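Reader: I would like to go through this structure with you. I will ask how each label is earned, and you give the reasoning.

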Amino acid sequence: MATLEAPLFERNFEGLMEFLHDEKDVPTAISPKRYANVMKLDLNTLADQAHVHRNTINRAPATENIQRYMRETIRVLRAATDLSGSVEQAIYWFKNNPIPTFRYKTAQELVSEGKTDALLRYIDSLQGGAAG
């Protein structure tokens, strides 16, 4: 079975959303396999971040805990993309940038800890600073 390579999305956030939807894998939800592909994660790491058993990713990909984690990540990526202008830059920031305001944790760690709303307020404050 060939792995589908994620395209470059650049400024096309809607293209990312379309790519994350796989009618065959999870018809009414985000595909964990495509999400892991875009985020350059193995499925075990995704399971750890979503706080589910590793078998849940393959056996029940539409499980609410997995879907909630991915939706929260996408909310942050959308805000970060709006700020940076690039989906790929937003993903890099999400995974790698330690944020001083949050004790040098990455956005990825914060979403996994359930702190998405605080993170979005932080990004909003950056957008406010950039705009005014």
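Reader: Is E113 buried, partly exposed or exposed, and what makes it so?

Author: First, a reminder that this is a predicted model. E113 has a relative accessibility of 38%. Buried needs under 20% and exposed needs over 50%. The value for E113 lies in between, so E113 counts as partly exposed.

Reader: Why is the pairing of E113 with K105 called a salt bridge?

Author: The closest N and O atoms of E113 and K105 are 2.8 Å apart. The cut-off is 4 Å, between a Lys or Arg side-chain nitrogen and an Asp or Glu carboxyl oxygen. The pair is within that limit, so E113 and K105 form a salt bridge. K105 is partly exposed, with a relative accessible area of 27%.

Reader: Which other residue does E113 bridge to, and how do you know?

Author: K115. Its closest N and O atoms with E113 are 3.2 Å apart. That is within 4 Å, so this pair also earns the name. K115 has a relative accessible area of 38%, which makes K115 partly exposed.

Reader: Which residues are joined into one network by salt bridges that share partners?

Author: E14, R78 and D82. Within this network, R78 and D82 have their closest N and O atoms 3.2 Å apart. The whole structure holds 9 salt bridges.

Reader: Why can R78 and D82 reach each other along helix α5?

Author: They are 4 residues apart in α5, which covers residues 64-84, so about one helical turn separates them. In general, an α-helix has 3.6 residues a turn, so residues three or four places apart point the same way. Opposite charges can pair when their charged atoms come close. R78 is partly exposed at 32% relative accessibility, and D82 is partly exposed at 46%.

Reader: How do you know that the length of α5 fits a helix?

Author: Count its residues: 21. At 1.5 Å a residue, α5 should span 30 Å. Its end C-alpha atoms are 29 Å apart, so the two values agree. Just after α5, G85 takes a positive phi of about 90 degrees.

Reader: What makes T73 buried?

Author: T73 has a relative accessible area of 0%. Buried means under 20%, so T73 qualifies. T73 is in helix α5. Other buried residues of α5 include I66, Y69, M70, V76 and L77.

Reader: Which side chain makes a polar contact with the side chain of T73, and what makes it count?

Author: Y35, at 3.2 Å. The limit for a pair of N or O atoms is 3.5 Å, so the distance passes. Beyond its neighbours within four places in sequence, T73 also contacts M39, F94 and V111.

Reader: Is T116 buried or exposed, and how do you know?

Author: Its relative accessibility is 2%. That falls under 20%, so T116 counts as buried. T116 belongs to helix α8. Its side chain makes a polar contact with the side chain of E72, at 3.2 Å. Neighbours within four places in sequence aside, T116 touches R75, V76, L110 and V111 as well as E72.

Reader: What makes T63 partly exposed?

Author: Its relative accessibility is 27%. That is neither under 20% nor over 50%, so T63 is partly exposed. T63 sits in the loop between α4 and α5. T63 and A29 are 34 residues apart in sequence, and their C-alpha atoms are 9.4 Å apart in space.

Reader: How many residues has the largest nonpolar core, and which have the most contacts inside it?

Author: It has 39 residues. Y35, V38, V76, W93, F94 and L119 have the most contacts inside it. The helices that each supply at least two residues include α1, α2, α3, α6 and α8. α5 gives the most, with 8 residues. L119 touches V76, W93, I99, F102, A107, L110 and V111, leaving out residues up to four places away in sequence.

Reader: Where in the chain is confidence lowest, and where is it highest?

Author: Confidence is lowest in α8, at a mean of 87, and highest in α7, at 98. The mean pLDDT of the chain is 92. Of its residues, 95% reach 70 or more.

How values were computed
Residues are numbered from 1 along each chain as its sequence is written. This is a predicted model: local features need pLDDT of at least 70, side-chain atom pairs count only at pLDDT 80 or more; totals for chains, interfaces and linings use all residues. Side-chain values use heavy atoms; hydrogens and water are left out. Buried means under 20% relative accessible area, exposed over 50%, partly exposed in between (1.4 Å probe, protein chains only). A nonpolar core is a set of buried Ala, Val, Leu, Ile, Met, Phe, Trp, Tyr and Cys residues joined through side-chain atoms within 4.5 Å. Contact means heavy atoms within 4.5 Å. A polar contact is a pair of N or O atoms within 3.5 Å; within protein, one must be able to donate a hydrogen and the other to accept it, and residues adjacent in sequence count only if both atoms are side-chain atoms. pLDDT is the predictor's confidence in each residue, from 0 to 100. The expected span of a helix is 1.5 Å times one less than its number of residues.
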